[in-house]
Every structure is written in C-alpha cells, then in structure tokens.
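Work through these exercises with the model open beside you. Try each task before reading its solution.

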Amino acid sequence: MLIGFFLTGCASMTNSSHQNITIATTNNQHYNETRCSLENEEGKWSASPDAAVMIHRDGNTMNVSCQNNSQFGEISVSPEFEGSYLFLDLLLDLCIVSCVVDGVNNAFYDYPSFVSVHLQELNNQ
C-alpha cells in the first residue's frame with residue numbers, strides 16, 4: 001500500500017484529472033432553451049445553465065459559450081496553477097514519479113468552479 005502512495009502524485013490523489021464546473025448565465029431571457037458548451041484541449045462538454053458538469057482538467061484556456069434561439073454569450077477561462085501540489089510532490093519523491101503523474105493528469109491546474117456568461121441578443125453582435 002505504501003508503494004502505491006509513492007507511485008501517484010499529491011495533486012492526483014486530491015484533485016484527480018477531473019473537476020466540476022457550474023455555468024451561470026446573466027441577461028438570459030430564454031433560460032429553458034439555453035445550452036452551454038465548454039471546450040479545452042482535453043475535450044468538449046455540454047451543460048444547462050446552473051447545472052454542474054464534470055470536465056477534464058487542462059493547463060490551457062477553456063472556452064465557454066452559451067446560446068438560445070435569440071441570445072449568445074462566450075467567455076474564455078484560464079486555469080490556475082496550484083503550486084502547493086508541486087511542493088508536496090518535491091517533498092514526496094523529489095518529483096521523480098509524482099510530478100510526471102500529476103503532469104499527465106493535469107492535476108496541477110484548477111479552473112474556477114463557477115463561471116458566469118453574459119448573454120446578448122444575436123442581432124447585437
């Protein structure tokens with residue numbers, strides 16, 4: 001069991017390679033018709049406003065767009081690098097195995113758990 005602990009990264013143990021994100025919309029005049037999409041280099045996901053969606057962590061920008069029949073909005077969200085996990089990996093095994101595991105899983109990165117997208121009329125864009 002102790003060997004398994006050293007063959008994983010600190011960030012992967014606590015963060016995993018996935019995280020939940022909730023998308024909120026403002027100025028949404030057709031809430032029930034609105035659908036949102038989230039996309040980063042690890043994949044693409046769909047969500048309804050105010051519903052949590054599990055995405056794959058990534059170290060790159062995630063694009064979020066929401067649309068209904070008459071409105072559209074989009075935003076780009078950058079992840080934060082969680083340096084404390086890197087420090088723990090250095091303490092654990094001098095970053096020999098744990099940094100590789102956490103790097104492959106993108107577990108060092110964390111997007112905001114709540115993202116707000118402002119919708120505008122389609123003809124105003």
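**Exercise 1.** In this predicted model, find which residue in E3 stands opposite cysteine 36.

*Solution.*
- Start at cysteine 36 and look across to E3: the residue opposite is alanine 47.
- Next, take the strands as a pair. E2 and E3 run antiparallel, joined by 5 bridges.
- Finally, check the turn. The two strands, E2 and E3, make a hairpin, and 2 residues lie between them.

**Exercise 2.** Place E2 in its sheet and name the edge strands.

*Solution.*
- Look at how E2 (residues 35-40) meets E5 (residues 62-67): 5 bridges join them, and the strands run antiparallel.
- Pick one bridge as a check. Arginine 35 has glutamine 67 in E5 as its bridge partner.
- Now read the full order: E3-E2-E5-E6-E10, an open sheet of 5 strands with antiparallel pairing.
- The edges are E3 (43-47) and E10 (120-121), since each of these strands pairs on one side only.

**Exercise 3.** Which residues of the largest nonpolar core touch the most other members, and which strand gives the most to this core?

*Solution.*
- The core has 16 residues; Ile21, Ile23, Leu38, Ile55 and Val64 touch the most other members.
- Assign the suppliers. E1 (18-26), E2, E3, E4 (52-56), E5 and E9 (114-118) each supply at least two residues.
- E5 gives the most, with 3 residues.
- Zoom in on isoleucine 23. Leaving out residues up to four places away in sequence, isoleucine 23 touches residues including Cys36, Leu38, Val64, Cys66, Val115 and Val117.
- As background, nonpolar side chains in soluble globular proteins tend to be buried together.

How values were computed:
Residues are numbered from 1 along each chain as its sequence is written. This is a predicted model: local features need pLDDT of at least 70, side-chain atom pairs count only at pLDDT 80 or more; totals for chains, interfaces and linings use all residues. Side-chain values use heavy atoms; hydrogens and water are left out. Two strands pair if DSSP finds at least two bridges between them. Helices (H or I, at least four residues) and strands (E, at least two) are DSSP runs, numbered from the N terminus. A nonpolar core is a set of buried Ala, Val, Leu, Ile, Met, Phe, Trp, Tyr and Cys residues joined through side-chain atoms within 4.5 Å. Buried means under 20% relative accessible area, exposed over 50%, partly exposed in between (1.4 Å probe, protein chains only). Contact means heavy atoms within 4.5 Å.
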